[in-house]
Amino acid sequence: MAAGKEIRGKIKSVENTKKITKAMEMVAASKMRKAQERMRAARPYSDKIRNITAHLSQANPEYTHAFMQANDAKATGFIVVTTDKGLCGGLNTNVLRAVTVKLRELQAAGHDTQAVAIGNKGLGFLNRVGVKVVSHATQLGDKPHLEKLIGPVKVLLDAYAEGKIKTVYLCYTKFINTMRQESVVEQLLPLAAHRLEADKDQRGWDYIYEPDAQTVIDDLLVRYVEALVFQAVAENMASEQSARMVAMKAATDNAGSVIGELKLVYNKTRQAAITKELSEIVSGAAAV
């Protein structure tokens, strides 16, 4: 019964794996609800600041912020948001595939690329493909923290303001629902006029600025970019927990199927061994 013993060992091993994946599924389900609540709570702020930015851009047209001006630099920046851990299905693979397509397109056009990596998976990927990583933020935990994001992101913002970068793209996974997450590669800088205008209505807007228009708009647009990055991280975290829960559930179900198949093979092997022993006994009795 050496074969039977080996099969029993495999069954025990898969059962242990099933227990682990089931526990991870339950943990991910708990974290998923909290991550979705945080993500939905952050959406109104990002929507509101987008509206205010659109209004101010129309109310004071004589002042143009650096973030709304194009330049002729031959470099492009990326803010790549991924997870710190794996075991979440194709979540990271999908967004990094979209980043790869954009990178090849820009490199074919002769543009240099540099990136800010938010998350260990994106950091490892960018290092492997040879993209210059100017800053990174990892080990963010289960909650997005703006103070951990401001420093790394500011490196690209300053480079753009100085005219060293032509365009900055924000890459992340947008949460649609528990079963669906969408990879997004969107232009962050320069601020696209059509995105700002999409949220404004037809009324005229005017403001009294204190201390002055430039100071207010400068601070507002920095907050605007930070809000978009924070929202992207919150969306990515909600997507991560949803994808991990689904992946662990699939792994648990697959483990159950493998256990069933192994038990069937074990029973057939044991039955064959018993039949062989009975045949030998009968043959021996007949010979006597």
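Which residue in strand 5 does Val-168 stand opposite? In this predicted model, the residue facing Val-168 is Leu-189 of strand 5. The pair offers a convenient entry to the sheet.

Strand 4 covers residues 167–177, and its pairing with strand 5 is antiparallel, extending over 9 bridges. A second facing pair can be located along these two strands, where Leu-170 stands opposite Glu-186 of strand 5. The connection from strand 4 to strand 5 is a hairpin of 2 residues. In general terms, strands of a sheet pair through backbone hydrogen bonds, in either the parallel or the antiparallel sense.

The wider sheet may now be considered. It is an open sheet of 5 strands, arranged in the order 3-2-1-4-5 with mixed pairing. Strand 3 (132–137) and strand 5 (180–189) each have a single partner strand and stand at the edges, so one side of each has no neighbour in the sheet. On average, and with direction ignored, neighbouring strands of this sheet are turned by 20° against each other. Helix 4, formed by residues 146–161, lies across strand 1 (75–81), strand 2 (112–118), strand 3, strand 4 and strand 5. Relative to strand 3, helix 4 runs at about 150°.

Attention turns next to helix 6, which spans residues 213–287. Asn-236 lies in this helix. Is Asn-236 buried or exposed? With a relative accessible area of 3%, Asn-236 is buried, because the cut-off for that class is under 20%. Setting aside residues up to four places away in sequence, Asn-236 touches Val-81, Thr-82, Thr-83, Tyr-172 and Thr-173.

Ile-281 also belongs to helix 6, yet its relative accessibility is 57%, so Ile-281 counts as exposed. Together with Ile-274 and Leu-278, Ile-281 forms a nonpolar patch on the surface. The accessible area of these three residues together is about 290 Å².

Charged contacts complete the picture. The whole structure contains 10 salt bridges. One of them joins the side chains of Arg-43 and Glu-235, with an N to O distance of 2.9 Å. This salt bridge links distant parts of the chain, since Arg-43 lies in helix 1 (residues 2–59) and Glu-235 in helix 6, with the two positions 192 residues apart in numbering. The two partners fall into separate accessibility classes: Arg-43 is partly exposed at 27% relative accessible area, whereas Glu-235 is buried at 4%.

A further salt bridge is formed by the side chains of Glu-162 and Lys-164, at 3.1 Å from N to O. Glu-162 is exposed, with a relative accessible area of 53%, and Lys-164 likewise counts as exposed at 55% relative accessibility. Glu-182 and Arg-180 form another salt bridge, in which the closest N and O atoms are 3.7 Å apart. In this pair, Glu-182 counts as partly exposed at 34% relative accessibility, and Arg-180 is partly exposed with a relative accessible area of 47%.

Definitions and conventions:
Residues are numbered from 1 along each chain as its sequence is written. This is a predicted model: local features need pLDDT of at least 70, side-chain atom pairs count only at pLDDT 80 or more; totals for chains, interfaces and linings use all residues. Side-chain values use heavy atoms; hydrogens and water are left out. Patches are made of residues with over 30% relative accessible area and no salt bridge: like charges are joined within 9 Å, nonpolar side chains (Val, Leu, Ile, Met, Phe, Trp, Tyr) within 5 Å. Accessible areas come from the Shrake-Rupley method with a 1.4 Å probe; for residues, only the protein chains shown count as cover. A salt bridge is a side-chain nitrogen of Lys or Arg within 4 Å of a carboxyl oxygen of Asp or Glu. Helices (H or I, at least four residues) and strands (E, at least two) are DSSP runs, numbered from the N terminus. Buried means under 20% relative accessible area, exposed over 50%, partly exposed in between (1.4 Å probe, protein chains only). Contact means heavy atoms within 4.5 Å. Two strands pair if DSSP finds at least two bridges between them. Axes are lines fitted to C-alpha atoms, for helices over the stretch in contact, and angles run from 0 to 180 degrees between N-to-C directions.
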